[in-house]
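Student: Could we go through this structure together? I would like to begin with the pockets and then turn to the rest.

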Amino acid sequence: MDMVAPVVYLCASIRGGRQHCASYAELARLLSTYGRLLNPHVGNMSMHGAEAIGTLQGDKRIHDRDVQWLEEADVVVAEVTQPSLGVGYEIGRAVAMNKPILCLFRPEPGLQLSAMVRGAHDRTKIIVRDYGDDNLAEILREFFKPYLENESLTL
(Lines give C-alpha, C1' and ligand atoms only; values in the text may rest on other atoms or scores of the structure.)
Protein backbone atom coordinates (compact mmCIF):
# COMPACT_ATOMS: atom_id res chain seq x y z
CA MET A 1 0.00 0.00 0.00
CA ASP A 2 1.37 3.43 -0.94
CA MET A 3 1.71 6.01 1.80
CA VAL A 4 0.95 9.61 1.03
CA ALA A 5 2.95 12.49 2.49
CA PRO A 6 1.13 13.98 5.47
CA VAL A 7 -0.67 17.30 5.41
CA VAL A 8 0.99 19.49 8.03
CA TYR A 9 -0.33 22.48 9.98
CA LEU A 10 2.20 24.75 11.73
CA CYS A 11 1.17 26.70 14.82
CA ALA A 12 3.39 29.65 15.76
CA SER A 13 2.94 33.07 17.30
CA ILE A 14 1.74 35.82 14.98
CA ARG A 15 0.24 38.56 17.15
CA GLY A 16 1.73 37.23 20.39
CA GLY A 17 5.18 38.28 19.17
CA ARG A 18 7.39 37.65 16.16
CA GLN A 19 10.72 37.48 18.07
CA HIS A 20 11.24 33.89 16.92
CA CYS A 21 10.21 34.37 13.29
CA ALA A 22 13.58 33.17 11.98
CA SER A 23 12.96 29.87 13.79
CA TYR A 24 9.45 29.69 12.29
CA ALA A 25 10.87 30.23 8.80
CA GLU A 26 13.39 27.41 9.22
CA LEU A 27 10.75 25.15 10.73
CA ALA A 28 8.38 25.86 7.82
CA ARG A 29 11.17 25.08 5.35
CA LEU A 30 11.95 21.75 7.06
CA LEU A 31 8.29 20.78 7.45
CA SER A 32 7.68 21.30 3.74
CA THR A 33 10.18 18.49 3.07
CA TYR A 34 7.99 16.04 5.04
CA GLY A 35 4.63 16.79 3.48
CA ARG A 36 2.26 19.50 2.30
CA LEU A 37 2.54 22.46 4.67
CA LEU A 38 -0.81 24.25 4.72
CA ASN A 39 0.45 27.56 6.10
CA PRO A 40 4.05 28.34 5.12
CA HIS A 41 3.30 32.05 5.56
CA VAL A 42 3.77 31.62 9.33
CA GLY A 43 7.51 31.89 8.73
CA ASN A 44 7.22 35.02 6.60
CA MET A 45 9.36 37.69 8.27
CA SER A 46 7.46 40.51 6.59
CA MET A 47 3.98 39.36 7.59
CA HIS A 48 1.79 42.38 8.14
CA GLY A 49 -1.66 43.68 7.26
CA ALA A 50 -4.79 41.79 8.34
CA GLU A 51 -2.76 38.74 9.42
CA ALA A 52 -0.80 40.72 12.01
CA ILE A 53 -2.97 43.78 12.72
CA GLY A 54 -6.46 42.36 12.53
CA THR A 55 -9.96 43.60 11.95
CA LEU A 56 -13.17 41.99 13.12
CA GLN A 57 -13.97 40.74 9.61
CA GLY A 58 -10.36 39.72 9.01
CA ASP A 59 -10.17 37.95 12.37
CA LYS A 60 -13.25 35.85 11.56
CA ARG A 61 -11.83 34.93 8.16
CA ILE A 62 -8.46 33.96 9.68
CA HIS A 63 -10.12 31.90 12.43
CA ASP A 64 -12.37 30.01 10.04
CA ARG A 65 -9.55 29.37 7.53
CA ASP A 66 -7.16 28.16 10.21
CA VAL A 67 -9.75 25.85 11.81
CA GLN A 68 -10.45 24.42 8.34
CA TRP A 69 -6.72 23.84 7.87
CA LEU A 70 -6.52 22.15 11.29
CA GLU A 71 -9.34 19.83 10.23
CA GLU A 72 -7.54 19.05 6.96
CA ALA A 73 -4.16 18.40 8.60
CA ASP A 74 -2.86 14.94 9.33
CA VAL A 75 -0.37 16.28 11.89
CA VAL A 76 0.12 19.52 13.81
CA VAL A 77 3.49 21.01 14.72
CA ALA A 78 3.38 23.86 17.26
CA GLU A 79 6.31 26.14 17.96
CA VAL A 80 5.55 27.11 21.56
CA THR A 81 8.55 29.22 22.63
CA GLN A 82 6.68 32.55 22.41
CA PRO A 83 3.54 32.42 24.57
CA SER A 84 0.53 32.88 22.31
CA LEU A 85 -3.19 32.59 22.99
CA GLY A 86 -3.76 31.62 19.38
CA VAL A 87 -1.23 28.78 19.47
CA GLY A 88 -2.76 27.50 22.72
CA TYR A 89 -6.21 27.62 21.13
CA GLU A 90 -4.98 25.75 18.05
CA ILE A 91 -3.33 23.07 20.20
CA GLY A 92 -6.56 22.62 22.15
CA ARG A 93 -8.57 22.31 18.94
CA ALA A 94 -6.05 19.81 17.55
CA VAL A 95 -6.30 17.73 20.75
CA ALA A 96 -10.09 17.72 20.42
CA MET A 97 -9.69 16.57 16.79
CA ASN A 98 -7.38 13.74 17.95
CA LYS A 99 -4.49 14.96 15.77
CA PRO A 100 -0.89 13.92 16.42
CA ILE A 101 0.86 17.02 17.79
CA LEU A 102 4.52 17.92 18.12
CA CYS A 103 5.17 20.90 20.40
CA LEU A 104 8.62 22.47 20.04
CA PHE A 105 10.13 24.73 22.71
CA ARG A 106 13.44 26.56 22.25
CA PRO A 107 14.90 27.00 25.76
CA GLU A 108 16.09 30.54 26.43
CA PRO A 109 17.05 32.37 29.60
CA GLY A 110 13.95 33.75 31.31
CA LEU A 111 11.50 31.57 29.35
CA GLN A 112 9.63 28.65 30.78
CA LEU A 113 7.15 26.47 28.94
CA SER A 114 3.64 26.35 30.36
CA ALA A 115 2.92 23.29 32.50
CA MET A 116 -0.30 22.83 30.49
CA VAL A 117 1.79 22.22 27.37
CA ARG A 118 4.74 20.38 28.90
CA GLY A 119 2.40 18.28 31.05
CA ALA A 120 0.36 17.21 28.02
CA HIS A 121 3.28 15.14 26.72
CA ASP A 122 2.02 11.56 26.49
CA ARG A 123 4.68 10.08 24.14
CA THR A 124 2.06 9.01 21.62
CA LYS A 125 -0.39 11.69 20.44
CA ILE A 126 1.26 14.73 22.03
CA ILE A 127 5.03 15.01 21.92
CA VAL A 128 6.75 17.95 23.62
CA ARG A 129 10.44 18.48 22.86
CA ASP A 130 13.03 21.11 23.65
CA TYR A 131 14.94 21.97 20.50
CA GLY A 132 17.76 24.02 19.08
CA ASP A 133 19.55 24.29 15.77
CA ASP A 134 21.57 21.19 16.65
CA ASN A 135 18.66 18.76 17.14
CA LEU A 136 15.64 20.10 15.23
CA ALA A 137 16.22 17.97 12.13
CA GLU A 138 16.51 14.79 14.23
CA ILE A 139 13.36 15.59 16.24
CA LEU A 140 11.40 16.08 13.00
CA ARG A 141 12.81 12.86 11.49
CA GLU A 142 11.72 10.95 14.59
CA PHE A 143 8.23 12.51 14.64
CA PHE A 144 7.60 11.90 10.92
CA LYS A 145 9.18 8.43 10.90
CA PRO A 146 5.80 6.61 10.79
CA TYR A 147 5.01 8.52 7.57
CA LEU A 148 8.39 7.79 6.01
CA GLU A 149 8.82 4.08 6.72
CA ASN A 150 7.34 3.11 3.38
CA GLU A 151 9.76 3.89 0.53
CA SER A 152 6.88 4.59 -1.84
CA LEU A 153 5.96 7.74 0.10
CA THR A 154 4.91 10.46 -2.33
CA LEU A 155 6.06 13.98 -1.45
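**Pockets, cores and selected residues**

Tutor: The largest pocket has a lining of 25 residues, and those nearest its centre are I14, I62, D66, G86 and E90. Please keep in mind that this is a predicted model.

Student: What volume does the largest pocket have?

Tutor: Its volume is about 480 Å³.

Student: Which elements each supply at least two residues of that lining?

Tutor: They are β1, α2 (56–72) and α3 (85–96). The largest share comes from α2, which contributes seven residues to the lining of the largest pocket.

Student: And how does the lining of the largest pocket divide by class?

Tutor: There are 12 nonpolar, seven polar and six charged residues in the lining of the largest pocket.

Student: How much space lies in the second largest pocket?

Tutor: The second largest pocket holds about 320 Å³. It is lined by 20 residues, and V80, G88, I91, S114 and V117 are the closest to its centre.

Student: Where does the largest share of that second lining come from?

Tutor: It comes from α3, with five residues. The elements that each supply at least two residues of the lining of the second largest pocket are α3, β4 and α4 (115–118). By class, this lining has 12 nonpolar residues, seven polar and one charged.

Student: Let us change topic to the overall fold. How many helices and strands are there?

Tutor: The protein has five helices and five strands. Read from the N terminus, the order of elements is β-α-β-α-β-α-β-α-β-α.

Student: What share of the contacts joins residues at least 24 apart?

Tutor: Taking contacts between residues at least 6 apart in sequence, 75% join residues at least 24 apart.

Student: What percentage of the residues is buried?

Tutor: Of the 155 residues in the protein, 45% are buried. The accessible surface comes to about 8600 Å², and carbon and sulfur atoms account for 56% of that area.

Student: Now the interior. Which residues have the most contacts inside the largest nonpolar core?

Tutor: L31, V77, L140 and F144 have the most contacts inside this core, which has 24 residues. The elements giving two or more residues to it are β1 (7–11), α1 (21–31), β3 (75–79), β4 (101–105) and α5 (136–148). Helix α1 gives the most to this core, namely six residues.

Student: What is L140 in contact with, leaving aside its neighbours within four places in sequence?

Tutor: With those neighbours left aside, L140 is in contact with L27, L30, L31, Y34 and L102. There is also a second, separate core of 20 residues, and V7, Y9, V87 and F105 are among them.

Student: A word on S23, please. Is S23 buried or exposed?

Tutor: S23 has a relative accessibility of 14%, so it counts as buried, the limit being under 20%. S23 lies in helix α1. Apart from neighbours within four places in sequence, S23 is in contact with R106 and Y131.

Student: And where is the place of R18?

Tutor: R18 sits in the loop between β1 and α1.

Student: Why does R18 count as partly exposed?

Tutor: The relative accessible area of R18 is 24%, and therefore R18 falls between the limits of 20% for buried and 50% for exposed.

Student: What separates the C-alpha atoms of R18 and Q82?

Tutor: The C-alpha atoms of R18 and Q82 are 8.1 Å apart, although the two residues are 64 residues apart along the chain.

Definitions and conventions:
Residues numbered from 1 in each chain as written. Predicted model: local features only at pLDDT ≥ 70, side-chain atom pairs only at ≥ 80, totals over all residues. Heavy atoms only, no water. Core = buried A, V, L, I, M, F, W, Y, C linked by side-chain atoms within 4.5 Å. Buried < 20%, exposed > 50% of the residue type's maximum accessible area, 1.4 Å probe, protein only. Helix = DSSP H or I, 4+ residues; strand = E, 2+ residues; numbered from the N terminus. Contact = heavy atoms within 4.5 Å. Areas by Shrake-Rupley, 256 points an atom, 1.4 Å probe, with all protein chains shown as cover. 1 Å grid on protein atoms, 1.4 Å probe; cavity = no way out; pocket = protein on both sides within 12 Å on 5 of 7 lines; lining within 4 Å. Points joined across faces, edges and corners; volume = space filled by probe spheres on them. Nonpolar A, V, L, I, M, F, W, Y, C, P; charged D, E, K, R; others polar.
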